[in-house]
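Student: Please take a close look at one part of this model: the charged side chains and the aromatic rings. Which of them pair up, and where do the partners sit?

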Amino acid sequence: QVQLVESGGGLVQPGGSLRLSCAASGSIFDINTMKWYRQAPGKERELVADITSGGSTNYADSVKGRFAISRDYAKNTVYLQMNSLKPEDTAVYYCKARIAPYPYRYSDYWGQGTQVTVSS
């Protein structure tokens, strides 16, 4: 069974930084793309950033230049470094990963989410 567990959320002042982590565990043969989404109250879930197995990255326009996604292949972990945080970054952040527990049998898995609150 595959699990994704996020950590690193919390309360931070505007202009501050946070680093989110999402670790995959369980029966894992391979991990393809890993992504971070967020959902603010009353809004739809939106893609924040993603990183392919080859290391290519993609960002939402709203976070370009402020957020950086990276991954540790040995630890099956994806990170989201968030700098220059704004109140509008407040949301529950979720990671999603395309994982093959067995060869060539990929499925999408979600973490439980971690709250990020940007407020003075």
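Tutor: Start with a cut-off. A residue is buried when its relative accessible area is under 20%, exposed when that area is over 50%, and partly exposed in between. Keep in mind that this is a predicted model.

By that measure, Asp89 and Arg38 are both buried. Arg38 has a relative accessibility of 6%, so it falls under the cut-off. Their side chains form a salt bridge, with N to O at 2.9 Å. Asp89 sits in the loop between strand S8 (77-82) and strand S9 (91-102), while Arg38 belongs to strand S4 (residues 30-39), so this pair ties together parts that are 51 residues apart in sequence.

Arg38 has another partner. Its side chain also meets that of Glu46 in a salt bridge, at 2.7 Å from N to O. Glu46 has 35% relative accessibility, so it counts as partly exposed.

The whole structure contains six salt bridges. One of them joins Lys64 and Asp61, at 3.1 Å from N to O. Lys64 and Asp61 are both exposed. Shared partners matter for the next point: salt bridges link Arg38, Glu46, Arg66 and Asp89 into one network.

Now take a buried charge without a salt bridge. Glu6 lies in strand S1 (residues 3-7). What is the nearest side chain of opposite charge to Glu6, and how far away is it? It is Arg45, at 7.7 Å. A salt bridge needs a side-chain nitrogen of Lys or Arg within 4 Å of a carboxyl oxygen, so that distance does not qualify. Glu6 is buried all the same.

The side chain of Glu6 does meet backbone nitrogens. A polar atom of this side chain lies 2.7 Å from the backbone nitrogen of Cys95. The side chain of Glu6 also reaches the backbone nitrogen of Gly113, at 2.7 Å. Beyond its neighbours within four places in sequence, Glu6 has contacts that include Ser21, Cys22, Trp36, Tyr93 and Tyr94. Gly111, Gln112 and Thr114 are also among them.

Next, the rings. The structure holds two aromatic pairs. In one, the ring centres of Tyr37 and Trp110 are 5.0 Å apart and the planes meet at 50°, so the pair is tilted. This pair links distant parts of the chain: Tyr37 is in strand S4 and Trp110 in strand S10 (residues 105-110), 73 residues apart. Tyr37 has 13% relative accessibility, so it is buried. Trp110 has 37%, so it is partly exposed.

The other pair is Tyr94 with Trp110: the centres are 6.4 Å apart and the planes at 85°, so the geometry is edge-to-face. Tyr94 lies in strand S9 and Trp110 in strand S10, so the pair ties together parts that are 16 residues apart in sequence. With 14% relative accessibility, Tyr94 counts as buried. Ring pairs thus link Tyr37, Tyr94 and Trp110 into a cluster.

Charges meet rings as well. The charged end of Arg45 sits over the ring of Trp110, 4.7 Å from its centre. This is the Arg45 named above as the nearest opposite charge to Glu6. Elsewhere, Arg19 lies over the face of Tyr79, at 4.0 Å from the ring centre.

Note on methods
Residues are numbered from 1 along each chain as its sequence is written. This is a predicted model: local features need pLDDT of at least 70, side-chain atom pairs count only at pLDDT 80 or more; totals for chains, interfaces and linings use all residues. Side-chain values use heavy atoms; hydrogens and water are left out. Helices (H or I, at least four residues) and strands (E, at least two) are DSSP runs, numbered from the N terminus. Buried means under 20% relative accessible area, exposed over 50%, partly exposed in between (1.4 Å probe, protein chains only). Lys and Arg count as positive and Asp and Glu as negative; His and the chain ends are not counted. A polar contact is a pair of N or O atoms within 3.5 Å; within protein, one must be able to donate a hydrogen and the other to accept it, and residues adjacent in sequence count only if both atoms are side-chain atoms. Contact means heavy atoms within 4.5 Å. Rings of Phe, Tyr and Trp (its six-membered ring) pair if their centres lie within 6.5 Å; planes under 30 degrees apart count as stacked, over 60 as edge-to-face and the rest as tilted. A charge sits over a ring if NZ of Lys or CZ of Arg is within 6 Å of the ring centre and within 35 degrees of the ring normal.
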